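Hi there,

Here is the structure I promised to pass on to you. Have a look at it first, and then read on for what turned up in it.

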Amino acid sequence: MLLEQPLIERFVAYAIKHGDFEKEDSVYIQNRVLAILNAEGIEYNAALPNNINNNPSPNDITQYWIQQAVNHHIIEDTLYNKEIIEAQILDLITPRPSAINKQFFEAYKAAPNEATDYFYEISKLNHYVKEDAIANNINYEVMTEYGNIEVTINLSKPEKDAKQIALAKEAKSSEYPQCALCIENEGYKGSVLQAARTNHRIIRITLDDEHFGFQYSPYAYFQEHSIVLSEKHEPMKINRQTFINLLAFIDQFPHYFIGSNADIPVVGGSILSHNHYQTGKHTFPMDNAKEIDNFKMERFPSVKASILKWPMSVIRLKDSNKDTLIEAATYVMDCWNHYSDETVQVKAFSDKGERHHTITPIARYRNSLYEVDIVLRDNQTSDEYPDGIFHPHQDVQHIKKENIGLIEVMGTAILPGRLKRELQDVKDYLLDEAITDLGIHQSWADSMKDNYIVTKSNVDEIVDKEVGYKFKRVLEDAGVFKQTVEGQNAFKRFVQKLKND
Ligand SMILES: [Zn+2]
């Protein structure tokens, strides 16, 4: 296989413009590309190939080369292998970590958002953030009594082929990097079990004298979805220090929100082994939830507190003074972690003394005030609800059965990709176009059949909306104080304790 001259020239120009190179490095870059692709040389008289657009991005060029190399049987046609080669090629258009960090903090001097804009643009250009894959997701909003909620059917992660699955089964797992969030992923080649990260870069930040990394998320769920990770591989932990760290981040990047998954099973996120937070630019449905029942706490007279009109149980605290807010948030969290009300199945500790309570915290800066949202969580299980009392119940698990983490808590449903096909079957069934066995969706589909006159023109709208209602139910299941008179009275009893204690 030979590389066409016009493409290699364009790629070299990108590497000089964005990477660590200068004009004198042109031949060197060209030979690096040839080596990575295992290609032979350059076809000097070739024109731009027909199947590539007139203004190809670095990733367009890279994908074209990889496909050529696969066609010539000089690289193995497995997803992981192609991703390793992609990351190695696009590494050439990416400044090395020290240079990116330097440029980031140089831009930061002008404004924090200039620094994040700079880093985000590079992360997209070198295909670390996979915009093209993210565009496959299905996104829409559904109006509910809590306001609009967002639904995303996640179709961004490419499916692994059978060959790769077989290789992964045989592969020995490595202890390096220890997990997908470890800082040792920066520049890591990758393997059949670990993501290709040669083009990965991490910004070094400091929160209350502790070192953290800041990076974008490859398969983002919202605008500028990013992750702040501990420099050390340490378990998730929600405590006073969490509020200190979250608000220290908000001080440095006031244009981003930041939140953390909970730190115990059932109510926590998918990675409990490495302490990390999630951040970004998005305004979530919960941000706009109505503040009902405003109250004041005797210990913190300046802090504005309220309960949110939201399917989960949320207390919002606001203050212009960061330190006061940290103390108030810690106080609310500590009260919750020791609070039981068995009339509504809320129980802080098991009979063996194991902790059931924690929170999902979110921080932002808005209207010249620091805000902290404290979402109350309880991870008990029971004979009736073996997956979790405050977890999606059996009858909604056909839509969502995974833990309700930070993003969902805030009103954005991240639903599994399998739903794209399954919901099409449901729609066909509602239109009587095919009598299929809908399995887990059967009784839901039958109830829609009873409740709606379904036509070709309204079927999408009905099913989309009903999926949104199911997700609302998922959140209500995860809420510790239910949306009933009994549940809301119990919430008020907890608030009463916060006010006067
Ligand atoms: Zn780790």
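R366 is partly exposed, with a relative accessible area of 22%. Please keep in mind, here and below, that this is a predicted model. The partner of R366 is E371: their side chains form a salt bridge, with N and O 3.0 Å apart. Is E371 buried or exposed? E371 counts as buried because its relative accessible area is 2%, and the cut-off for buried is under 20%. R366 lies above that cut-off at 22%, so R366 is called partly exposed instead.

This pair is part of something wider. R366 and E371 belong to a network of salt bridges that also takes in D287, E291, R316, K318, R364 and D373. One member you can look up is R316, which sits in strand β12, residues 314-319. R316 is buried, at 1% relative accessibility. If you would like a sense of distance, try R316 and P97: they are 219 residues apart in sequence, and their C-alpha atoms are 38 Å apart in space.

How many salt bridges does the structure hold? The count is 32. Here are two more that you can find on screen.

- R355 and D263 meet through their side chains, at 3.3 Å from N to O. This bridge links distant parts of the chain, 92 residues apart: R355 is in the loop between α10 (322-337) and β13 (357-366), while D263 is in the loop between β8 (257-259) and β9 (276-280). R355 is partly exposed at 32% relative accessible area, whereas D263 is buried at 11%.
- K427 and D460 form a salt bridge whose closest N and O atoms are 3.1 Å apart. Again distant parts of the chain are linked, since K427 belongs to helix α12 (residues 418-430) and D460 to helix α14 (residues 459-478), 33 residues apart. K427 is buried, with a relative accessible area of 12%, and D460 is partly exposed, at 42%.

Next, the overall layout. The chain is divided into domain 1, covering 2-97, and domain 2, made of 140-157 and 258-500. Taken over C-alpha atoms, the centres of domain 1 and domain 2 are 45 Å apart.

Now for the nonpolar residues. In soluble globular proteins, nonpolar side chains tend to be buried together. In this model the largest nonpolar core has 65 residues, and the members that touch the most others are F214, M297, L317, F481 and F494. Which element gives the most to this core? It is α10, with nine residues. F481 is a good place to zoom in: leaving out residues up to four places away in sequence, F481 touches a list that includes W336, Y339, V344, V346, L376, F491 and F494. There is also a second, separate core of 45 residues, with I404, I407, M410 and L430 among them.

What about empty space inside? The structure holds one cavity of 30 Å³ or more. The volume of the largest cavity is about 50 Å³. Its lining includes I100, F119, I122, S123, N126, Y128, H200 and Y216. Two elements, α6 (112-125) and β6 (210-216), give two or more residues to this lining, and α6 gives the most, with three.

Finally, here are two buried residues to explore by yourself.

- S260 lies in the loop between β8 and β9. With a relative accessible area of 1%, S260 is buried. Apart from its neighbours within four places in sequence, S260 is in contact with M236, I238, H276, Y277, T360, P361 and L406.
- N59 is placed in helix α3, residues 58-71. N59 is buried too, with a relative accessible area of 9%. Not counting residues up to four places away in sequence, N59 touches E86, L90, H127 and D132.

Happy exploring, and do write back with any questions!

Best wishes

Notes:
Residues are numbered from 1 along each chain as its sequence is written. This is a predicted model: local features need pLDDT of at least 70, side-chain atom pairs count only at pLDDT 80 or more; totals for chains, interfaces and linings use all residues. Side-chain values use heavy atoms; hydrogens and water are left out. Domain bounds come from an automatic or database domain assignment. A salt bridge is a side-chain nitrogen of Lys or Arg within 4 Å of a carboxyl oxygen of Asp or Glu. Helices (H or I, at least four residues) and strands (E, at least two) are DSSP runs, numbered from the N terminus. Buried means under 20% relative accessible area, exposed over 50%, partly exposed in between (1.4 Å probe, protein chains only). A nonpolar core is a set of buried Ala, Val, Leu, Ile, Met, Phe, Trp, Tyr and Cys residues joined through side-chain atoms within 4.5 Å. Contact means heavy atoms within 4.5 Å. On a 1 Å grid over the protein atoms alone, a cavity is a set of points where a 1.4 Å probe fits but cannot get out, and a pocket is an open set with protein on both sides within 12 Å along at least five of seven lines; lining residues have an atom within 4 Å of a point. Grid points are joined across faces, edges and corners, and a volume is the space filled by probe spheres set on the points.
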